[in-house]
Amino acid sequence: MAELAQVSSATVSRVLNNDLSFHVPEETKNKVIEVAKKLNYRKTERKRKSKEQSDIKLGLLIWCSEQLEYSDPYYLSIRLGVERECLRRGIEIHKVFRWVEGSSQDMDLSDLNGVIAIGKVNTSFITSSKDPNLHVVSVDYISSDQCDAVVFDLEKAAKQAMEHLFELGHEKIGYIGGTSYVFSKDNRQYYTDERQRTYLLLMKERGLFRERDLHTGGWGTDAGYQLMKHAIEQGDLPSAFLIASDPMAIGALRALDEFGLKVPEDIAIVSIDDIDIAQYVNPPLTTVKVLSEEMGTTAVRLLADRIENGREVALHVTIPTKLVIRKSCGANS
């Protein structure tokens with residue numbers, strides 16, 4: 001349905017489930033519903049909870065706003081993975097806490113025995129609570145050695161992308177990415193993103209790094225557009241760019257098009273995520289695939305295992321990534 005409607009699978013899911021917190025243009029909503037009718041889609045009703053189903057009382061902590069979830073499907077996909085695995089196991093999500101950048105929400109954890117934190121959140125304020133039976137799983141960030149965590153290997157993903165560009169003969173390679181923070185209950189702390197660190201390391205090892213080719217700012221499509229526009233306007237462009245996320249790369253493609261620069265003929269692009277729309281933009285994006293929904297699914301499995309089986313040792317699970325070669329890098333033109 002996502003392919004026929006030319007939207008993400010996350011959008012299809014939230015439209016068909018009538019998610020009232022999800023703001024989508026009426027035209028897009030109607031397109032999804034029309035495709036569902038043509039395919040004779042029938043919604044499977046949720047089964048009533050039985051005694052055999054889980055008694056886990058789960059809280060979900062999400063670090064970003066609904067607007068950011070919609071503009072960058074990475075975190076939305078993780079949440080969908082959590083929700084689907086909870087549905088499969090009969091686990092109810094009792095509470096959802098959402099932290100928007102610059103503010104945090106008070107959290108009543110008294111009736112919960114598990115919390116899944118999505119995003120770069122320092123969960124020490126949860127683990128330091130007086131309840132020893134409150135278990136935490138972090139997704140997208142390793143908060144501590146005492147908590148389970150699910151991540152993807154950002155360093156490896158960036159290295160896969162960079163090595164591909166080196167193999168294609170590029171030496172002048174730029175970087176476009178967002179500014180990263182770790183959020184705690186009362187503040188945020190800046191840290192250098194692993195993708196950026198890997199880019200710097202590999203370029204400096206080869207004696208190729210130029211400060212002017214490193215561009216960072218916000219996250220999302222508009223940030224990618226503005227950062228690429230700035231890179232173009234300063235002149236002496238690299239022949240290729242590593243871009244930290246697909247939404248940023250899509251914004252960068254628009255900026256290049258406005259200045260009459262062709263991809264990959266003038267500029268090669270490799271990004272990270274492989275969101276659904278990456279294969280439909282022009283040209284289709286070469287990107288490192290991140291199994292973000294599987295990250296959410298794995299988080300629920302870890303939490304259930306720890307609560308139901310009494311596992312004491314924390315596990316940190318790294319989900320693998322894979323380079324998907326399309327036309328934007330020039331190798332598949």
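Q: What makes the span of helix α11 agree with its number of residues?
A: Let's do the sum the way the rule says: the expected span of a helix is 1.5 Å times one less than its number of residues. Helix α11 (residues 292–309) has 18 residues, so it should span 26 Å, and its end C-alpha atoms are indeed 26 Å apart. Just after α11, Gly310 takes a positive phi of about 70°.

Q: What kind of model is this, and how are its residues numbered?
A: It's a predicted model, where local features need pLDDT of at least 70 and side-chain atom pairs count only at pLDDT 80 or more, while totals for chains, interfaces and linings use all residues. Numbering starts from 1 along each chain as its sequence is written, and side-chain values use heavy atoms, with hydrogens and water left out.

Q: How many helices and strands does the protein have, and what makes a stretch one or the other?
A: There are 11 helices and 14 strands. Both are DSSP runs numbered from the N terminus: a helix is H or I over at least four residues, a strand is E over at least two.

Q: How well does α10 fit the span expected at 1.5 Å a residue?
A: Its 13 residues should span 18 Å, and its end C-alpha atoms are 19 Å apart, which agrees. Past the end of α10, Gly260 has a positive phi of about 75°.

Q: Why does Ser245 count as buried?
A: Buried means under 20% relative accessible area, exposed means over 50%, and partly exposed is in between (1.4 Å probe, protein chains only). Ser245 comes in at 2%, so it is buried. You'll find Ser245 in the loop between β10 (240–243) and α10 (246–258). Leaving out residues up to four places away in sequence, it touches Asp72, Trp219, Ser271, Ile272 and Asp273, where a contact means heavy atoms within 4.5 Å.

Q: Why is Lys229 called partly exposed?
A: Its relative accessible area is 27%, so it lands in the partly exposed band. Lys229 is in helix α9 (residues 221–234). Not counting residues up to four places away in sequence, it touches Ala255 and Phe259. Lys229 and Phe259 are 30 residues apart in sequence and 8.5 Å apart in space, C-alpha to C-alpha.

Q: How many disulfides does a search of the whole structure find?
A: Zero. To count, a pair of cysteine sulfur atoms would have to be within 2.5 Å. As for individual cysteines, Cys147 is buried at 4% relative accessibility, and Cys329 is buried too, at 3%.

Q: What makes β1 and β2 a pair?
A: Two strands pair if DSSP finds at least two bridges between them. Strand β1 (residues 57–62) and β2 have six bridges, in the parallel sense. One of the matches is Leu61, whose bridge partner in β2 is Phe97.

Q: Why do β2 and β13 stand at the edges of their sheet?
A: The sheet is open, with six strands in the order β2-β1-β3-β4-β5-β13 and parallel pairing. β2 (92–98) and β13 (316–319) each have a single partner strand, so one side of each is left without a neighbour in the sheet. The twist averages 15° from one strand to the next. Angles run from 0 to 180 degrees between N-to-C directions, with axes fitted to C-alpha atoms, for helices over the stretch in contact.

Q: What is the pairing in the sheet β9-β6-β10-β11-β12-β14, and why are β9 and β14 edges?
A: Those six strands form an open sheet with mixed pairing. β9 and β14 (321–324) each have a single partner strand, so one side of each has no neighbour in the sheet. β6 and β9 run parallel, joined by four bridges; among the matches, Gly178 has Gly217 in β9 as its bridge partner.

Q: Which strands does α8 lie across?
A: β6, β9, β10 and β11, running at about 165° to β6. The buried residues of α8 include Tyr199, Leu200 and Leu202. They pack against α7 (154–167), β6 (173–178), β9 (214–217), β10 and β11 (268–273).

Q: What share of the 333 residues is buried?
A: It's 50%.
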